[in-house]
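Me: I would like a close look at one part of this protein. Start with the whole chain, then zoom in.

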Amino acid sequence: MSGVGETVINLNESILREQIQMMSLSGEYNNIPESYWDDIACLALNKIPAKYICNPIDMFFYYTPDEVEEMHDKVKAVIMDTIEFLLNKHK
């Protein structure tokens, strides 16, 4: 038996990590130094609420496809705002 909390996942953090990985590898964001991506993740995570689930499959049980899409859109918007903030701060 696993310990309490070992399977708990912050859904928004998972979405954020996935989006940042895709963005950093896409080539579209080559103007962002590689060292910024961890900063972007930390700053963005502080701007979005935590949504905890016990298993990725729970996402499909508790949220509609429209809600999942909205979560992805909100996380991406926060990431974009964070990128803009960091790039403007380091001009």
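What does the accessible surface of the protein chain come to, and what percentage of it belongs to carbon and sulfur atoms? After that, take me to the patch of negative charge on the surface.

Reply: A caution before the numbers: this is a predicted model. The accessible surface of the protein chain comes to about 6,500 Å². Carbon and sulfur atoms hold 54% of that surface.

Now the frame around the patch. The protein chain has 91 residues, and 30% of them count as buried. Its C-alpha atoms fill a box of roughly 50 × 30 × 20 Å along the principal axes. Four helices and two strands make up the list of elements. Read from the N terminus, their order is β-α-α-β-α-α. Look at the contacts with a separation of 6 or more: 83% of them join residues 24 or more positions apart.

Next, charge. The protein chain carries 7 positive and 15 negative charges. The mean positions of these two sets lie 8 Å apart.

That brings us to the patch. Four residues gather there on the surface: D66, E67, E69 and D73. Together they form a patch of negative charge. Take E67 for the close look. E67 sits in helix α4, which covers residues 65-89. Its relative accessibility is 36%, so E67 counts as partly exposed. The cut-offs explain the label: buried means under 20%, exposed means over 50%, and partly exposed is what falls in between. In short, E67 is a partly exposed residue of helix α4, and it shares its negative patch with D66, E69 and D73.

Technical notes
Residues are numbered from 1 along each chain as its sequence is written. This is a predicted model: local features need pLDDT of at least 70, side-chain atom pairs count only at pLDDT 80 or more; totals for chains, interfaces and linings use all residues. Side-chain values use heavy atoms; hydrogens and water are left out. Patches are made of residues with over 30% relative accessible area and no salt bridge: like charges are joined within 9 Å, nonpolar side chains (Val, Leu, Ile, Met, Phe, Trp, Tyr) within 5 Å. Accessible areas come from the Shrake-Rupley method with a 1.4 Å probe; for residues, only the protein chains shown count as cover. A salt bridge is a side-chain nitrogen of Lys or Arg within 4 Å of a carboxyl oxygen of Asp or Glu. Lys and Arg count as positive and Asp and Glu as negative; His and the chain ends are not counted. The place of a charge is taken as NZ of Lys, CZ of Arg, CG of Asp or CD of Glu. Buried means under 20% relative accessible area, exposed over 50%, partly exposed in between (1.4 Å probe, protein chains only). Contact means heavy atoms within 4.5 Å.
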